[in-house]
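Colleague: Please take a close look at one part of this predicted model, the lining of the largest cavity. I would like a connected account of what surrounds it.

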Amino acid sequence: MKEYCFGIDVGGTTVKMGLFRTDGTLLDKWEIPTRTENGGEAILPDIAASALGRLEKMGLTKEMVEGIGIDVPGPINEEGVVPHTANLGWGYKEVTRELEELTGLKCRAGNDANVAALGEMWKGAAAGHRSGVMVTLGTGVGGGIIIGGKIVTGANGAGGEIGHIHVDDHIPGVCGCGNHGCLEQVASANGIVRLARWMMEEKGEIRTSIDTESMSSKDIWDAVKAGDAFAMEVAERFGKYLGLALANIASTVDPEVFVIGGGVSKAGQVVLDYIKKYYVQYTFRSCRDARFVLAALGNDAGIYGSAKLVIDAA
């Protein structure tokens with residue numbers, strides 16, 4: 001195997017880039033803007049120019065580089081083909097082929113949530129495990145499933161779409177995917193606030209220390225830690241929904257570890273406590289000992305996981 005590789009994490013606003021040794025050592029990381037105008041036509045050329053420019057700056061040649069790993073926000077198949085990615089302005093896009101032509105380097109690609117999970121399994125909170133599930137609780141609920149060290153991609157690149165597991169017919173409103181009753185509606189950062197408002201309507205009058213006009217997910221978890229009774233009820237129902245969903249996943253793939261990341265996870269151990277309480281209640285007996293850990297790599301999970309794509313393909 002050659003000594004160096006790149007890990008690229010493409011977001012809707014910025015592209016995070018990392019130069020690694022193939023033993024997993026991160027040598028340098030930087031960002032460039034994601035130029036989504038004109039159908040995102042500049043994104044891959046910008047990435048190629050930045051990567052090749054970094055090699056030149058560091059006195060390295062392409063012959064020393066194993067390849068480029070890249071993740072994108074949206075479905076992408078094992079051939080590196082994106083059918084559409086709204087946040088980037090792309091329609092059909094042959095990501096790996098185009099990036100290989102632009103750089104002269106081998107390229108491997110994956111979905112951002114799946115790749116972040118791979119990063120956490122390799123160098124993050126789940127290091128040392130071969131099978132795990134990562135759940136990202138942010139604006140939405142994302143996920144990635146790693147079994148035997150490999151990403152579960154699925155036939156349509158939709159493996160790990162944990163946020164769209166159906167958990168309750170009675171959840172009000174429509175999920176962003178167009179369905180009703182999805183986990184994302186009650187377990188994302190926005191979803192927890194939506195859940196709290198739904199429970200307020202159910203109860204009528206409530207007593208709480210939370211400013212209910214401007215409450216955020218952080219406000220709710222801060223109130224949980226302070227012993228606010230209503231906030232704790234919200235956390236119980238959040239834990240029940242997410243614990244149930246993860247129990248169902250465990251009965252399918254039997255992971256060693258669940259990694260909880262995203263903005264909601266910044267509340268800390270208390271989030272894990274509520275999830276695991278219901279996970280243990282609902283899961284199949286043989287799966288009850290799965291570990292629950294908080295994500296460790298933060299915004300670097302994508303570049304680590306992307307680099308691992310290349311290393312695994314070598």
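Modeller: By class, the lining of the largest cavity in this predicted model comprises four nonpolar residues, three charged residues and one polar residue. The residues in question are E66, G67, I68, K106, C107, R108, V310 and A313. The volume enclosed is about 30 Å³, and a search of the whole structure finds one cavity of 30 Å³ or more. Three elements, β4, β7 and α10, each give two or more residues to this lining. With three residues, β4 gives the most.

Two of these elements, β4 and β7, belong to an open sheet. Five strands make up that sheet, in the order β3-β2-β1-β4-β7, and the pairing is mixed. Its edge strands are β3 (26-33) and β7 (107-111), each of which pairs on one side only. From one strand to the next, the twist averages 15°. Strand β4, residues 65-72, runs parallel to β7, and five bridges join the two. Within this pair, I68 stands opposite C107 in β7; both I68 and C107 are also among the residues that line the cavity.

Two helices pack on the sheet around this pair of strands. Helix α3 (residues 95-103) touches β4 and β7, and its direction makes about 145° with that of β7. Helix α4 (residues 112-123) touches β1 (4-10), β4 and β7, and its direction makes about 105° with that of β7.

Towards the other edge of the sheet, β2 (residues 14-21) and β3 pair in the antiparallel sense over seven bridges. One of the pairings there sets F20 against its bridge partner L26 in β3. β2 and β3 form a hairpin with four residues between them, and G24, in the turn, has a positive phi of about 100°.

Strand β7 and helix α10 also recur in the second largest pocket. β7, α4, β10 (150-151) and α10 each supply at least two residues of its lining. The largest share, four residues, comes from β7. This pocket holds about 380 Å³ of space. It is lined by 18 residues, of which E78, A109, I151, T153 and L309 are the closest to its centre. By class, the lining of the second largest pocket divides into six nonpolar, eight polar and four charged residues.

Helix α10 contributes to the largest pocket as well. That pocket has a volume of about 1,500 Å³. Its lining counts 46 residues, with P73, D112, A113, T136 and G142 nearest the centre. The elements giving two or more residues to the lining of the largest pocket are β1, β2, α4, β8 (132-137), β9 (141-147) and α10 (301-313). Its residues divide into 13 nonpolar, 26 polar and seven charged.

Several of the strands just named come from another open sheet. It has five strands in the order β10-β9-β8-β11-β12, with mixed pairing. The edge strands here are β10 and β12 (291-294), each pairing on one side only. β8 and β9 run antiparallel and are joined by six bridges; V135 has G143 in β9 as its bridge partner. Helix α8 (residues 229-253) lies across β8, β9, β11 (257-261) and β12, running at about 155° to β8.

As for confidence, the chain averages a pLDDT of 94, and 100% of the residues score at least 70. Among the elements described above, α3 has the highest confidence in the chain, at a mean of 98, while the lowest is found in strand β5 (residues 81-82), at a mean of 91.

To return to the cavity: its lining draws two or more residues from each of β4, β7 and α10. β4 and β7 are parallel strands joined by five bridges, and β7 is an edge strand of its sheet. α10 also gives at least two residues to the lining of the second largest pocket and two or more to that of the largest pocket.

Note on methods:
Residues are numbered from 1 along each chain as its sequence is written. This is a predicted model: local features need pLDDT of at least 70, side-chain atom pairs count only at pLDDT 80 or more; totals for chains, interfaces and linings use all residues. Side-chain values use heavy atoms; hydrogens and water are left out. Two strands pair if DSSP finds at least two bridges between them. Axes are lines fitted to C-alpha atoms, for helices over the stretch in contact, and angles run from 0 to 180 degrees between N-to-C directions. Contact means heavy atoms within 4.5 Å. pLDDT is the predictor's confidence in each residue, from 0 to 100. On a 1 Å grid over the protein atoms alone, a cavity is a set of points where a 1.4 Å probe fits but cannot get out, and a pocket is an open set with protein on both sides within 12 Å along at least five of seven lines; lining residues have an atom within 4 Å of a point. Grid points are joined across faces, edges and corners, and a volume is the space filled by probe spheres set on the points. Ala, Val, Leu, Ile, Met, Phe, Trp, Tyr, Cys and Pro count as nonpolar, Asp, Glu, Lys and Arg as charged, and the others, Gly among them, as polar.
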